[in-house]
Amino acid sequence: MTAHADRLLLGPGPSNPYPEAVEALGRPVLGHLDPDYLALMAEISDRLRAVFGTANELTLPVSGTGSAGMEACLASLLQTGETAIIGVNGYFGERLCEVASRGGAQVVRVEAPWGTALDPADLLAAQRANPGARLLAVVAAETSTGVRNDVAPLAALADTDTLLLVDAVTALGGTELRVDDWKIDACYSASQKCLGAPPGLAPVTLSPRAVEVLRARTESVRSFYLDLGLLHEYYVGASHRYHHTASSTMAYSLHAGLGRLLDEGRDAVWARHASVGGKLQDALAKRGFGLIADSANRLPQLTATTLPEGLDEAPPRRALLQRYGIEVGGGLGEFAGRAWRIGLMGHAANERSVLALLGAVDELLG
Ligand SMILES: *Cc1c(COP(=O)(O)O)cnc(C)c1O
């Protein structure tokens with residue numbers, strides 16, 4: 001096993017963590033019931049509230065990656081046979097359907113072609129057709145296609161009995177996301193995309209209305225490990241009842257990454273992602289790359305692009321990694337084999353990343 005060289009991580013995640021987040025990994029390990037650890041968790045919850053834009057009391061990092069956040073929300077909010085309306089315009093919308101149906105929910109799909117955005121009017125119409133639906137779920141930033149789905153108009157669900165669940169794995173810390181203003185009831189993310197920490201934790205927040213749904217369940221949550229009610233009791237309940245051995249190492253790291261983000265400021269971080277993403281996209285278009293998402297719904301933190309002249313994507317992607325230590329992702333679904341997915345997320349969202357990638361691309365393809 002040889003030591004790996006430093007990578008510039010410009011794929012769909014993980015991104016290069018902030019130096020503070022890496023340094024924090026070396027702190028002494030704390031027990032999962034140590035008062036210092038519980039105080040650290042409380043500070044993380046405060047920082048997450050600031051980043052999510054919420055006052056929600058139930059705001060905590062679930063152990064695991066973004067998928068654990070997805071499973072925790074779906075398992076905790078849905079009971080067998082309940083209806084979940086899910087927006088599907090890429091891989092992660094499909095994943096939501098898969099997880100919800102494995103959990104015994106009835107899934108109502110609302111689709112848009114890969115590479116285009118969902119129409120919020122279609123989602124709201126599906127809710128009117130299924131007024132008893134327990135929740136409606138949408139991916140804010142579809143990492144498979146680089147498309148931004150419009151979440152704000154879905155605030156209208158607050159006047160119905162249907163909860164709004166948002167996948168913010170790639171959105172949080174990268175582009176505008178306002179949990180309370182947009183009346184989002186449940187939202188999850190991941191430490192390793194725009195939050196600037198390594199993979200391992202999935203921030204989750206639930207509105208008071210979602211907590212009521214969780215409390216009113218007649219069926220226990222099928223997953224013990226991902227039961228948000230039990231996790232909440234462990235982290236904030238007076239007794240801090242043991243639930244699982246949560247990792248203080250990961251907690252320190254996320255705490256540090258969130259600290260960097262909040263020192264810079266949420267608006268400034270969004271502006272930085274917008275600026276470097278736009279710069280990359282303009283430069284790629286000039287070189288004959290095709291931007292998959294149209295400009296109105298294009299994410300800055302994740303660019304999905306076809307290669308010039310229909311080039312096969314895999315050989316130059318391998319060369320980028322082997323010769324220059326730069327990672328980008330390959331296309332998914334109908335874009336497999338002919339597209340790259342380029343992330344400019346968190347600490348890696350800077351001009352140096354853009355210039356390094358363009359320089360390497362020019363040498364390989366120019
Ligand atoms: C990465 C991602 C996930 C899954 O997160 P993991 O950390 O890989 O488990 C879910 N949704 C979206 C939109 C993602 O980009």
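In the predicted model, the ligand is surrounded by Thr65, Gly66, Ser67, Phe92, Val139, Ala141, Thr143, Asp167, Val169, Thr170, Gln192 and Lys193. Sorted by class, this shell comprises four nonpolar, six polar and two charged residues. Three of the surrounding residues, Gly66, Asp167 and Gln192, are described here by their distances to ligand atoms. Gly66 approaches through its backbone, with an N or O atom 2.9 Å from an oxygen atom of the ligand. Asp167 instead presents a polar side-chain atom, which lies 2.7 Å from a nitrogen atom of the ligand. In the case of Gln192, an N or O atom of the side chain is 2.7 Å from an oxygen atom of the ligand. On its own, the ligand has 380 Å² of accessible area, and the protein covers 89% of this.

Helix α2 (residues 35–52) and helix α8 (residues 248–264) form a packed pair whose axes come within 10 Å and cross at roughly 35°. The crossing of α2 past α8 is left-handed. On the α2 side, the contact is made by Tyr37, Leu40, Met41, Glu43, Ile44, Arg47, Leu48, Ala50 and Val51. These residues meet Ser248, Ala251, Tyr252, Leu254, His255, Leu258, Gly259, Leu261 and Leu262 of α8. By class, the α2–α8 contact contains 13 nonpolar, three polar and two charged residues.

Two features of the backbone were also noted. Most peptide bonds are trans, and most residues other than glycine have a negative phi. The bond that joins Gly13 and Pro14 is a cis peptide bond, with omega about 5°. Pro14 is located in the loop between β1 (8–9) and α1 (19–23). His240, which is not a glycine, has a positive phi of about 45°. This histidine, His240, sits in the loop between α7 (228–236) and α8, the latter being the helix that crosses α2.

Technical notes
Residues are numbered from 1 along each chain as its sequence is written. This is a predicted model: local features need pLDDT of at least 70, side-chain atom pairs count only at pLDDT 80 or more; totals for chains, interfaces and linings use all residues. Side-chain values use heavy atoms; hydrogens and water are left out. A residue is near a molecule or strand if one of its heavy atoms lies within 4 Å of it. A polar contact is a pair of N or O atoms within 3.5 Å; within protein, one must be able to donate a hydrogen and the other to accept it, and residues adjacent in sequence count only if both atoms are side-chain atoms. Accessible areas come from the Shrake-Rupley method with a 1.4 Å probe; for residues, only the protein chains shown count as cover. Ala, Val, Leu, Ile, Met, Phe, Trp, Tyr, Cys and Pro count as nonpolar, Asp, Glu, Lys and Arg as charged, and the others, Gly among them, as polar. Axes are lines fitted to C-alpha atoms, for helices over the stretch in contact, and angles run from 0 to 180 degrees between N-to-C directions. Helices (H or I, at least four residues) and strands (E, at least two) are DSSP runs, numbered from the N terminus. A crossing is left-handed if the near helix is turned anticlockwise from the far one by less than a right angle, and right-handed if clockwise. Contact means heavy atoms within 4.5 Å.
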